[in-house]
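Okay, thanks everyone for squeezing in. Let me put the thing up on the screen, and then I'll walk you through a few spots.

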Amino acid sequence: MFETLSDKLQRAFKNLRGEGTVSEENINDALREIRVALLEADVNLSVVKEMIEHVREKAMGSEVMTALSPTEQVIKIVRDELITILGKDTARFNFASRPPTVILMAGLQGSGKTTTSGKLAAWLQKGGHRPMLVSVDVYRPAAREQLRVVASSIKANIYEGDLKGEPAGTPLVERLAKEARREAVNYGCDVLIVDTAGRLHIDDHLMQEMRSLKALLSPQEILFVADAMTGQDAVRSAESFHQQLALTGTVLTKMDGDARGGAALSIRHITGQPVKFIGTGEKPDAFEPFHPDRIVSRILGMGDIMTLIEKAESTLDRKKSEEFARKALSGDGFSLEDFRDQLRQIKKLGSMQSIMKMLPSVGPFQGLQQMAGQVDEKQFSRVEAIINSMTKKERNNHEIISGSRRKRIATGSGTSVQEVNQLLRQYAQMRKMFKSAGKPGMQRKLMGSLNAMRGMGGMGGGMGR
Amino acid sequence: MIQTLFGSLKEAEEPKKRGIFERMREAVTRTRENLSQSLEEIVALTIEIDDKALDELEMSLIAADLGVVTAQEILSALRERALNHKIRDGAELKQMLRVEIKAILDAYATPPRVVEQAPEVILLVGVNGTGKTTTSGKLAAWYRRMGKTVLLCAADTFRAAAIEQLEIWGQRTGVEIIKTKQGGDPSAVLFDALNAAKARSIDVLLVDTAGRLHTKNDLMKELDKMRRTTQRFIPDAPHEVLLVMDATTGQNGMQQAKLFTESAGVTGIVLTKLDGTAKGGVAVAIARELQLPVRFVGVGEKLDDLLPFDSAAFTDSLLGA
């Protein structure tokens, strides 16, 4: 795998130690690494250049603080700069004072307009709105059929309209749009989402159609749907769409992949309009408001730890976790009973894969993401089954689990004695590790929990049949 | 009479050849303009090839989505040779760059395969929204024009209306389609299609698969299963696995190519939507690092907007030579 930004910066700053400030000479290497990292993340070149100059200005002559290493300091400056470009707050959604609010979806072919239209409708429904969908994509084969299927899967209203054999073209598009708005009013729908055909920003004819749709519907929102995997060209298409339509925001799709999403930065920079939502999967609810600080971490390869924390906070039982941490780090150590509780909690968070993805790819967590793919989710169930087959007494004192007990547990859980042995061995190791981590020192605590996670991963791999 | 006939025949042939070349050029002209513009600027400054100028050149390759590693490697080779040959002339520098990029694209390009035993099975794979279904339709038309019998397999049973979309392409090209209902098992419909292709002595079977992000292990395993299903049926199939990639794709294209090759055994790239302003430069990076050639380029929404890849035209257009 490629080197992380943090590693590169560390190397660039190796010679910096002992010097009191960040100087012109020693920062050039670092800036070059930052430039490369941003370019690898698909941030547009001109945006990168501008940013680098800002960072240089800010970093020059700034005191090398003892609390932060020069590396951390520069990363912090880069982070702050990126967040400034992206805007600090989650963008708000505009609603019309007199419904229906009209949302026009715009974008290149294959960026995900139809899927996003459906997700947006589902999101609005969850917020108590009554959206109506309409597809005016009369060009791509089966595009309107696609939206119809999407709408029925989320039980949203859709205006299908009747093509009446009319040839594909702007008059037909305008007629469908007009009828849909009337239909939305009649049905008491407060939002009309208009899914349009994908088009190239240099296609004058289709861009003209987009402008007339805008004039016809006076939409409150014109959302630019863009693929997170877009490279340097993102700037050109976004700029052109914005010039011709005055976009109000962007939806960044396919964010569940491993693209760094630098396009978000480029598009935000060139249009001045916020990224409002991100698409994170194929299901209708894989759609969330955009948080600038999170994508910044991702662009820099630092993971999406905020999302993880938020998710953990909303799903985990805090008291139980604290209890576990206290026990694990204290002299008593945690029991298998506690371990099972934790296992169940983790399972509530989602798949191991999705959790690991949110961890940073730098620092102590390095390598975990690659591991994510190898974790066998079924292992968790198997481990749980083994613990379930123990008696309460056994769970609270693993030392009493003798050979015959192991045999019984294996039979009871549908596993083998070897697997039971392995679990017990790993458990004992983990318990010991936690205990030693309980001694003062944050770094060691972190390493302890990290090793525990590694241990679980290893257990998964080792026990596979 | 014969001469006239010969003459007119020749005439009819020539524009066609030029047509493909021209369209290819047209498609990448915008790329070329952008890149050559920055090249001119650099060239103007390059009375002496200094590191700064080469640095700038590297940045413009990066701006064409070639990627950092590829740009650096190309430039370091260029730097060395420019210094050895005491190159001072910008035009020479450009020519050297042209040779370098074309060599990368050509290194792993193979001549069109001849399938000894029909059916030839071609799998189309890729992330969501790159144009697999459209490319399937265009490829069907392409093989039909070559006088082959073609069968389409709608193995995208996941995306809403993907089957209907392929059906319309089938009607447009006069090609039959083997399908199941949405949500069906893609390997099952593939099996049916393989059977049908064999029974009807079809020359080419085109399999349109569902778009999937390369990071989704389960979905990638499904591709592997489809490949194995094909293999069981015809030992040396699939004969071609085409990764359909959007020309606007940035550096993530590398990851896509890498992981799709691992699961599906990609043999070539189809670069779509090259009629926009996107550069498709990631294809150079992919060719260099993963040894995968570009087979076709998509340049529009019509049936015949699919062209065989021509590295000379692509490179020339890219650099404005």
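So, how much area do chain B and chain A bury between them? About 3500 Å², with 55% of it on carbon and sulfur atoms. Keep in mind as we go that this is a predicted model.

Let's stay with that interface for a bit. Chain B puts 46 residues into the contact, and chain A puts in 39 residues. On the charged side of things, the count between the two chains is 2 salt bridges. One of them pairs A:Arg32 with B:Glu58, and there the closest N and O atoms sit 3.0 Å apart. As for polar contacts, 17 residue pairs turn up across the interface of chain B and chain A, both residues being at pLDDT 80 or more.

Which elements of chain B give two or more residues to the side that touches chain A? Helices, as it turns out: helix 1 (2-45), helix 2 (51-63), helix 3 (68-84), helix 6 (162-173), helix 8 (217-233) and helix 9 (252-264). Helix 2 of chain B gives the most, with 6 residues. If you sort the residues on this side of chain B by character, you get 13 nonpolar, 19 polar and 14 charged.

Next, a single residue in chain B. B:Met220 belongs to helix 8. Is B:Met220 buried or exposed? Buried: its relative accessible area is 3%, and the cut-off for that label is under 20%. Leaving out residues up to four places away in sequence, B:Met220 touches B:Arg212, B:Leu213 and B:His214, and also B:Leu259, B:Phe260 and B:Ser263. For a sense of distance, take B:Tyr143, which is 77 residues from B:Met220 along the chain: their C-alpha atoms are separated by 28 Å.

Last stop, the strands. Strand 1 of chain B covers residues 120-125, and 6 of its 6 residues are buried. B:Glu120, B:Ile122 and B:Leu124 point one way, while B:Val121, B:Leu123 and B:Val125 point the other way. And yes, B:Glu120 is buried along with the rest.

What does strand 1 pair with? It runs parallel to strand 4 (residues 204-209) of chain B, joined by 5 bridges. Within that pairing, B:Val121 has B:Leu205 as its bridge partner. Strand 1 also pairs with strand 5 (residues 240-246) of chain B, again in the parallel sense, over 4 bridges. There, B:Leu123 is partnered with B:Val241.

Okay, that's my tour. Over to you.

Definitions and conventions
Residues numbered from 1 in each chain as written. Chains lettered and ligands numbered in written order. Predicted model: local features only at pLDDT ≥ 70, side-chain atom pairs only at ≥ 80, totals over all residues. Heavy atoms only, no water. Buried < 20%, exposed > 50% of the residue type's maximum accessible area, 1.4 Å probe, protein only. Pairing = 2+ DSSP bridges. Contact = heavy atoms within 4.5 Å. Buried area = accessible area lost by both parts, 1.4 Å probe. Salt bridge = Lys/Arg side-chain N within 4 Å of Asp/Glu carboxyl O. Polar contact = N/O pair within 3.5 Å; in protein donor to acceptor, adjacent residues only side chain to side chain. Nonpolar A, V, L, I, M, F, W, Y, C, P; charged D, E, K, R; others polar.
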